[in-house]
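Hi,

Here is the structure I said I would pass on. Have a look at it first, and then read my notes underneath.

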Amino acid sequence: MTIREIITPENPILRKKARKVTNFNDPRLQALADDMVETLHDAPGVGLAAPQVAESVRLIVVHMPGGTEEDREVYGEGAGELYVVVNPEIVKASRETVDGTEGCLSVPGYLGTVSRCEMVKIRGQDRHGQDFRLKATGWLARVFQHEIDHLDGVLFIDKASKVWEVRPDEEPDGPEAAEAIAALERAARLGD
Ligand code: ZN
């Protein structure tokens, strides 16, 4: 396995619509999936789409930490679960939306407020071509929406109502500080 370089918007591949995977026996697909998992863990991040490693194919990996009780509290549904999804599609989405803070490994140093559907139903295939279906809510739903956007060349900064630069020495304070810091950490790891 290899850690791949994560590209930023200067590379036009990030803005291309990625092509559908049709050949699941291609060893390059399996190698790419393995490399993406390793790259995601190395970053570290919670989700990565193939165009972020300069491969314009419809493949995403999602893995939110779930090793501790705190992780499971912060990430909720799907925490600790590794998802490798090929050709993912949103087949149903709730009308209800929620605002949340997002970051992206391909847009380092920035966070933004993005409105996302509270619930999405996803269909696709696993890495071996078997049918994959998932109903996701909350943060998991947000991560999937963010990653699927990457497959169409869409970045969170395109959809954000507000984008700001993060300075590592600036930390929120006040009564909600701990919660705010946890939310920022979680956001910084998204797509990242
Ligand atoms: Zn991203």
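**The zinc site**

Let me start with a pair of histidines: the side chains of His150 and His146 are joined by a polar contact of 3.3 Å. Please keep in mind that this is a predicted model.

Both histidines belong to a metal site. The zinc ion has three protein donors, namely Cys104 through SG, His146 through NE2 and His150 through NE2, at 2.1 to 2.2 Å from the ion. Written along the chain, the spacing of the donors reads C-x41-H-x3-H. That long gap brings distant parts of the chain together: Cys104 sits in the loop between strand 4 (97-102) and strand 5 (110-117), while His146 is in helix 3, 42 residues apart. His150 has its place in helix 3 too.

Are the donors buried or exposed? Cys104 has a relative accessibility of 1%, so it counts as buried. His146 comes out at 2% relative accessible area and is buried, and His150 is buried as well, at 1%. The cut-off behind those calls is under 20% relative accessible area.

What does His150 touch, once its neighbours within four places in sequence are set aside? The list is Leu14, Lys16, Ala49, Pro51, Gln52, Cys104 and Leu155. Notice that Cys104, another zinc donor, is in that list of contacts.

**Helix 3**

Helix 3 deserves a closer look, since it carries both His146 and His150. Its 13 residues reach 19 Å from the first C-alpha to the last, which is close to the 18 Å expected at 1.5 Å a residue. The helix is mostly covered, with 12 of its 13 residues buried. Among them are Trp139, Leu140, Val143, Phe144 and Ile148, but also Arg142, Gln145, Glu147 and Asp149.

**The open sheet**

What does helix 3 pack on? First the sheet itself: 5 strands form an open, antiparallel sheet in the order 1-2-3-6-7. Its edges are strand 1 (47-49) and strand 7 (131-137), each of which pairs on one side only. From one strand to the next, the twist averages 40 degrees.

Inside this sheet, strand 3 (residues 82-93) and strand 6 (residues 119-125) pair in the antiparallel sense over 5 bridges. One position to click on is Ile90, which stands opposite Ile122 in strand 6.

Two helices pack on the sheet. Helix 1 (residues 27-42) touches strand 1, strand 2 (59-63) and strand 3, and its direction makes about 35 degrees with that of strand 2. Helix 3 (residues 138-150) touches strand 1, strand 2, strand 3, strand 6 and strand 7, and its direction makes about 125 degrees with that of strand 7.

Lys92 is also worth a click; it is found in strand 3. With a relative accessible area of 47%, Lys92 is partly exposed. Leaving out neighbours within four places in sequence, Lys92 is in contact with Met119, Val120 and Lys121. Lys92 and Met119 are 27 residues apart in sequence, yet their C-alpha atoms are 8.2 Å apart in space.

**Strands 4, 5 and 8**

Now for the strands that are not in that order. Strand 4 runs antiparallel to strand 5, and 6 bridges join them. Within that pairing, Val98 has Arg116 of strand 5 as its bridge partner. Strand 5 also pairs with strand 8 (residues 162-165), again in the antiparallel sense, over 4 bridges. There, Leu111 has Trp164 of strand 8 as its bridge partner.

Why is strand 5 described as largely enclosed by the rest of the structure? Because 6 of its 8 residues are buried.

**The whole chain**

Stepping back, the protein chain has 5 helices and 8 strands. Read from the N terminus, the elements run α-β-β-α-β-β-β-β-β-α-α-β-α. Of the 192 residues in the protein chain, 46% are buried. Among contacts with a separation of 6 or more, 69% are between residues 24 or more positions apart. The zinc site has an example of distant parts being linked, in the pair Cys104 and His146.

Over to you, and shout if anything is unclear.

Cheers

Terms used: Residues are numbered from 1 along each chain as its sequence is written. This is a predicted model: local features need pLDDT of at least 70, side-chain atom pairs count only at pLDDT 80 or more; totals for chains, interfaces and linings use all residues. Side-chain values use heavy atoms; hydrogens and water are left out. Two strands pair if DSSP finds at least two bridges between them. Axes are lines fitted to C-alpha atoms, for helices over the stretch in contact, and angles run from 0 to 180 degrees between N-to-C directions. Contact means heavy atoms within 4.5 Å. Donors are N, O and S atoms within 2.8 Å of the metal (3.2 Å for Na, K and Ca); water is not among the atoms, so sites may look incomplete. Buried means under 20% relative accessible area, exposed over 50%, partly exposed in between (1.4 Å probe, protein chains only). A polar contact is a pair of N or O atoms within 3.5 Å; within protein, one must be able to donate a hydrogen and the other to accept it, and residues adjacent in sequence count only if both atoms are side-chain atoms. The expected span of a helix is 1.5 Å times one less than its number of residues.
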